[in-house]
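User: Please take a close look at one helix of this model and at how its residues are placed. I should also like the setting in the whole chain and the loops and residues beyond the helix.

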Amino acid sequence: MTARSAVKAQRFPPALVGVIATRADLRRAVRLRQLPDFFELRLDALLPILGEVESSISKLRAPLIMTARHPQEGGKHNLSPTRRRELLQRFLPVAQLVDVELRSARQLAPLLRTTRERGVGLIISVHKLDRMPSQQWMNAQLKAALRLQPRIFKLAVRTDTPNDVLELLAFYTKASGRVPLAAMGVGKCGRSARVALLHHGSVHNYGYLVDPQLSGQISLAALRRIRQKRRTDRI
């Protein structure tokens, strides 16, 4: 089996991801009774409280996704590639998945090698948060990401109109047959995009714990209700 076909063969049911980006998120996550399938630690945003994060790791009780977002893709504190690599390396021993932006893959190549050597899953992500890109652009990002053999490709784009949602769904429908795909919208129609994509089988569905960081995001509790309805409807 080729590397590409190995990636293509992997399939995952829709999973819920609780995003931890603030101290309030972290404290809520520790207290949750109904756990998500994963917690994502936004290490760039959590930079001022990393000591508290480390002391709380054992209390989170769900598999962890680590990311340190690029400043041009919504990252906090304007972190350099070196600083982001250090953060990811620091938390790699407790990660099940690491999320690295496509634009950062070359700069973080040593980290990607270490991730694979340790058997940690790789998410390659693209965040186009200022506008809805073209099908051609999204396909080009997917093609570039596939060369890195990710376990999951993640795409977040701006969806301000119903047509934007349809464009994102059209891309998802074609691309999800090539790689496990997590897709989502932000903006005025971000919520409807996320609901539709969960129903279509987006492998990761991200929910906030306390407050949304961007318009169109959905709470983890609401995502849980939406997923349960999806399961009920399919019975």
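Analyst: This is a predicted model, and its protein chain contains nine helices and nine strands. The helix chosen here is H3, which covers residues 50-60. Before the helix itself, the chain as a whole deserves a brief description.

The protein chain has 235 residues, and a compact globule with that number would have a radius of gyration near 18 Å; the value for the chain is 17 Å, which agrees. The C-alpha trace spans about 45 × 40 × 35 Å along its principal axes. Of the 235 residues, 53% count as buried. Among contacts between residues at least 6 apart in sequence, 71% join residues at least 24 apart. The accessible surface comes to about 11000 Å², and carbon and sulfur atoms contribute 50% of it. As for charge, there are 41 positive and 17 negative side chains, and the centres of the two sets lie 4 Å apart.

Within H3, the buried residues are Leu50, Val53, Ser56, Ile57 and Leu60. Viewed down the axis of H3, these buried residues fall within an arc of 145°, so they line one face of the helix. The general geometry is familiar: an α-helix has 3.6 residues a turn, so residues three or four places apart point the same way.

What do the buried residues of H3 pack against? Their partners include two helices by name, H2 (23-31) and H4 (81-91). The strands in this packing are E1 (15-20), E2 (38-42) and E3 (64-67). Just after H3, Arg61 adopts a positive phi of about 65°.

Positive phi values also occur in the loop between E3 and H4, where His77 is located. Phi of His77 is near 70°, a positive value in a residue other than glycine. His77 is partly exposed, because its relative accessible area is 46%. Asn78 belongs to the loop between E3 and H4 as well. Although Asn78 is not a glycine, its phi is positive, at about 50°. With a relative accessible area of 63%, Asn78 is exposed. The loop thus leads towards H4, one of the elements against which the buried residues of H3 pack.

Two further residues, taken from elsewhere in the chain, are buried. Thr159 is found in the loop between strand E6 (152-158) and H7. Its relative accessible area is 0%, so Thr159 is buried. Leaving out residues up to four places away in sequence, Thr159 touches a set of residues that includes Met132, Asp164, Val165 and Leu168. Gly185, Val186, Gly187, Lys188, Cys189, Gly190 and Ala193 are also among the residues that Thr159 touches.

Helix H7 covers residues 162-175 and includes Ala175. Ala175 has a relative accessible area of 2% and is therefore buried. Apart from neighbours within four places in sequence, Ala175 is in contact with Leu142 and Leu181. The C-alpha atoms of Ala175 and Ala193 are separated by 16 Å, the two residues being 18 apart along the chain. Ala193 also appears among the contacts of Thr159.

In summary, H3 presents one face lined by its buried residues, and these residues pack against E1, H2, E2, E3 and H4. Directly after the helix comes Arg61 with its positive phi.

Technical notes: Residues numbered from 1 in each chain as written. Predicted model: local features only at pLDDT ≥ 70, side-chain atom pairs only at ≥ 80, totals over all residues. Heavy atoms only, no water. Helix = DSSP H or I, 4+ residues; strand = E, 2+ residues; numbered from the N terminus. Buried < 20%, exposed > 50% of the residue type's maximum accessible area, 1.4 Å probe, protein only. Contact = heavy atoms within 4.5 Å. Rg over C-alpha atoms; globule rule 2.2 N^0.38 Å. Areas by Shrake-Rupley, 256 points an atom, 1.4 Å probe, with all protein chains shown as cover. Lys, Arg positive; Asp, Glu negative; His and termini not counted. Charge placed at Lys NZ, Arg CZ, Asp CG, Glu CD. Arc of directions from axis to C-beta.
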